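Grab a coffee and work through these exercises with the structure open beside you. Try each task before you read its solution.

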Amino acid sequence: MATLSDIAVGAAINILTALAFFLAFAMLRIQPVNDRVYFPKWYIKGLRNTPLQAGAFISKFVNVDFRSYIRFLNWMPAALQMPELELIDHAGLDSAVYLRIYLIGFWTHIVMAYAFTFWTCYVLKREYEIVATMRLHFLASERRRPDQFTVLVQNVPPDPDESVSELVEHFFLVNHPEHYLTNQVVYNANKLSNLVHEKKKKQNWLDFYQLRYSRKPSARPFVKTGFLGLWGRRVDAIDFYTSEIERLSEEISIEREKIASNPKSIMPVAFVSFKTRWGAAVCAQTQQSRNPTIWLTEWAPEPRDVYWDNLAIPYVSLTIRRLIIAVAFFFLTFFFMIPIAFVQSLANIEGIEKAVPFLEPVIELKFIKSIIQGFLPGIALKIFLIFLPSILMLMSKFEGFNSISALERRSASRYYIFQFINVFLGSIITGTAFQQLDNFIHQSANDIPKTIGVSIPMKATFFITYIMVDGWAGIAGEILRLKPLIIYHLKNFFLVKTEKDREEAMDPGTLGFNTGEPQIQLYFLLGLVYSVVTPILLPFIIVFFALAYVVYRHQIINVYNQEYESAAAFWPDIHGRIVTALVVSQLLLMGLLSTKNAAQSTPLLITLPVLTIFFHRFCKGRYEPAFLRYPLQEAMMKDTLERAREPNLNLKGFLQNAYIHPVFKGEDEDDNDVAMEEPMQEQVLVQTKRQSRRNTPLPSKHSGSTSPSKSRVVRD
C-alpha cells in the first residue's frame, strides 16, 4: 500500500511535468515557424495567412521581439476573453456547449471545494475562539477545586537521607518558599484496591442470598465454589460469602498496615499543593531542575479524574509501554482489514453470487436483495466494531496515562485512526473486495489516486446504509438505554433492599467521549469528502447530527453524570481531526478529478491543502495555549478575588486530603467540605535530616506529609 509520501511524490512529478509542458507551449507558440501548428483554425477560415512577424530571414523562424517573451502567458486571458456568442459563431454551438460541460462539471467541484474549505475553516476558527474563551471563563468563574492549586510531580529522585515525602517537601520549600502549602505522596495501593473491589462484589452476593433467604426461610441457599459457580464443592451460600468477607477484611487490614509501614510502597510521585493558583501555575508550567528528566511537573487532574492504578507504574517504563502499544495498535488496525473486506463484499450482490452460486435464487428475491444491500453491510460492520472501544481503552491503560480524561482522549484518537483506515479507506479501497482488492495490492503508486477516485462515488450507498444503522438507529438506541434499563430492573428485583442499594443499581452513564467523539469525526469526514463528490450523502449526515444534538442534549440534562471535568481539554484534538478530514477530502477530490479527464484542473486544488495546513498552524499557535497553560494573569486575578471574599479560608484543610487514594477514605467522607474557622498557620523551623546538599542549597525540615505547613525554611 502506497503511503501519503508516495502519493505526494507522484503528484509533485506530475505537477512539475505539467508546468514544464505549459512553459514549453508558451514559448513555442510565439515562434513564427510554429504558427500553423498552434493557429491552424485561423488559416482554415482564411483569417490568417502568415506569421505575425515578417521581414528578415531569421524572423521567419524565430521571434526576435523580446517584449513578446515577457507576455508569453497572455494566451490564458485571451482564451477566456471571447464572448460566448462570438464563440458560437466562431466554433459552433456543439463546441460551446461542450465547454459548458467542463464549466459546470469540474469548475463546480473546484469552486465548491474552495467554498466548503473556507466555510469549514471559518466555522472552526470561530468555534476555537469561542471554546477557548468559554474555557478561560469557566476556569475563572467556577467554584474552588483542588486541582486549581495542585500539581502532579513525577520522577522524584531517590535520596538516602530522606523519605519521598520529606524530599518533596524539602525541594518545594526551598524552590517555592512563598507558595508551597502541602503534599500528598502516592502509595502503590493497587493490590489493596483489588481486595476492596473483590470484597464489595462478595458483599453484593451476600446481600443477594440473605435477601433470598429472608423471603423464603425454609430453604437455605447453596452455591458451588468453582468457576462462576458452575462446579466445585456445594456449600451454604450465606456462610460461604460471610467467611469470604471476613477473610478479605483481614487481608485488607494486613495490606493497609503493610503499605503504611513499608517505605517501598511509596512511589516517586506526589501531589503538591500551593497557597495560590498563581503558585501552582508557575510550578506546573516551568522546569524545576537543571536535570530535565527529574522533578517533572504538570497540572494535577481533578480528584475524580485521577486514574490511580497508573500512578504506581514506574516512570521509566512508560516509553517502553507506549512503544509496545504502538506496535500492537498497528497490527490490530491493519489485520482488521481482513474482516472489513469481507463485510464490504456483502454489499456486492455479484460477489456473493460468485462465491456461493447455489444461493443465487434466494439472493435475487427483491426483499432479500434489499436487506443485503441496504441493511446487512452496515449492521455487520457495526457488530465487528462492538468490542473495539474496550480493547483500545485497555491499551490506553497499559500505556500509563494518569487521568481518566487522558485515557479517553488517547482511546478516542486511536478509535478515529482505526475508523479512518478501516471503515473509511478500507471501505473505499476494498469496496468490491472479491474483484478489486488483488488489483489494488499489485498496482503502482501512481494508480492509487485513480483507484480511490473511482471507488469514492461507488461507496456512497454503503456509507448511507452505515450512517442509517450506526447513526440513526444508534442514536435511537442511545435514548432508549435498553441495556441499563434491563440491568437496573434485574438488580432492583434481586438485589435492592435499601435506598442505597437502589442508588447503586442506577447506571446514569457518561458522554462516552472515547466512542462518541470518533463517531462524530467519521461523519465529519464523510460529509467533507462527499459534499462535493456525491452530495446525496449530506441529508443523511444532517439528519444524524440533528437527531444526535437533540438526543444528547436530553441525555446530558436528564441522564448522564459526568465522572470528571476537563474544561474542554479535548477541543484541540477535535480541531486537528476536522482539519485532517478537510485535507483528506481535498486530496481525494484531486484523485477523483484525475480519473475524469480533468487532470489539468488538479493544480487549481493544490493550494487548498497548503492553505488548510497553514490555517491549522495559525489556530494552533493562537488558541491552543489556552488549553495547555493557565495564564498567570488569570490565576492572580482569581486569587485576589478569593482572598478579598474569604479572608479566613483554611485552604490547607481543603487540600490536604483531596488526593488521598479512595481506598484510604471513609465511605461517608466528603472531600469537598471546606473548613472556614482556622486561618492558615505560619511555618515553623524544623531541622533537616539531610547530610548532603547535592540536590538543593538550603536545609529542610523533617515532618510528614500530613502537616508540612508547620515548618519553615531559613537560610544558614
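**Exercise 1: a residue in a loop**

Which residues does V306 touch, not counting residues up to four places away in sequence? Then work out where V306 sits and whether it is buried or exposed.

*Solution.* Keep in mind that you are looking at a predicted model.

Step 1. Collect the contacts: V306 touches F271, P301, L311, N402, S403, I404 and Y659, once residues up to four places away are set aside.

Step 2. Place the residue. V306 belongs to the loop between β6 (296–299) and α12 (308–311).

Step 3. Check the accessibility. The cut-off for buried is under 20% relative accessible area, and V306 counts as buried because its value is 5%.

Step 4. Look along the chain. H661 is 355 residues apart from V306, yet their C-alpha atoms are separated by 9.3 Å.

**Exercise 2: a look into α12**

Find N310 and list its contacts, leaving aside neighbours within four places in sequence.

*Solution.* Step 1. N310 is found in helix α12.

Step 2. With a relative accessibility of 7%, N310 counts as buried.

Step 3. The contacts of N310 are K397, G400, F401, N402 and L407. N402 is also one of the residues that V306 touches.

**Exercise 3: two stacked pairs**

Take Y128 with Y623, then F171 with W295, and decide how each pair of rings is arranged.

*Solution.* Step 1. Recall what you need: a pair of aromatic rings is described by the distance of the centres and the angle of the planes. The count of aromatic pairs in this model comes to 28.

Step 2. Start with Y128 and Y623: 5.4 Å centre to centre and 25° between the planes, a stacked pair. It links distant parts of the chain, with Y128 in helix α7 (residues 93–141) and Y623 in helix α29 (residues 603–623), 495 residues apart.

Step 3. Check burial. Y128 is buried, at a relative accessible area of 1%, and Y623 counts as buried at 5%.

Step 4. Move to F171 and W295. Their ring centres are 3.9 Å apart and their planes at 10°, so this pair is stacked as well. Here too distant parts of the chain are linked: F171 is in helix α8 (residues 164–175) and W295 in the loop between α11 (277–284) and β6, 124 residues apart.

Step 5. Widen the view. F171 and W295 are both buried, and they form one aromatic cluster with F172, Y180 and F274.

**Exercise 4: charges over rings**

Which ring does the charged end of R144 sit over, and which face does R414 lie over?

*Solution.* Step 1. The charged end of R144 sits over the ring of F654, at 5.4 Å from its centre.

Step 2. R414 lies over the face of F329, 5.3 Å from the ring centre.

**Exercise 5: two helices side by side**

Describe how α28 and α29 pack, then sort the residues of their contact by type.

*Solution.* Step 1. Two packed helices are described by the angle between their axes and the distance between the axes.

Step 2. The axes of helix α28 (residues 571–593) and α29 come within 9 Å and cross at roughly 175°. An angle over 145 degrees counts as roughly antiparallel, so α28 and α29 are roughly antiparallel to each other.

Step 3. Name the partners. From α28 they include H575, V579, L582, L589 and M590, and from α29 they include L605, I606, F615, H616 and C619.

Step 4. Sort them: the contact of α28 with α29 has 14 nonpolar residues, five polar and no charged.

**Exercise 6: two residues of α28**

Compare the surroundings of H575 and S585.

*Solution.* Step 1. H575 lies in helix α28, and S585 lies in helix α28 too.

Step 2. H575 is buried, with a relative accessible area of 1%; S585 is buried, at 8%.

Step 3. Leaving aside neighbours within four places in sequence, H575 is in contact with L124, Y128, F615, H616 and C619. By the same count, S585 touches L528 and V529.

Step 4. Go back along the chain: E127 is 448 residues apart from H575, with 9.2 Å between their C-alpha atoms.

Note on methods:
Residues are numbered from 1 along each chain as its sequence is written. This is a predicted model: local features need pLDDT of at least 70, side-chain atom pairs count only at pLDDT 80 or more; totals for chains, interfaces and linings use all residues. Side-chain values use heavy atoms; hydrogens and water are left out. Helices (H or I, at least four residues) and strands (E, at least two) are DSSP runs, numbered from the N terminus. Buried means under 20% relative accessible area, exposed over 50%, partly exposed in between (1.4 Å probe, protein chains only). Contact means heavy atoms within 4.5 Å. Rings of Phe, Tyr and Trp (its six-membered ring) pair if their centres lie within 6.5 Å; planes under 30 degrees apart count as stacked, over 60 as edge-to-face and the rest as tilted. A charge sits over a ring if NZ of Lys or CZ of Arg is within 6 Å of the ring centre and within 35 degrees of the ring normal. Axes are lines fitted to C-alpha atoms, for helices over the stretch in contact, and angles run from 0 to 180 degrees between N-to-C directions. Angles under 35 degrees count as roughly parallel, over 145 as roughly antiparallel, 65 to 115 as roughly perpendicular and the rest as oblique. Ala, Val, Leu, Ile, Met, Phe, Trp, Tyr, Cys and Pro count as nonpolar, Asp, Glu, Lys and Arg as charged, and the others, Gly among them, as polar.
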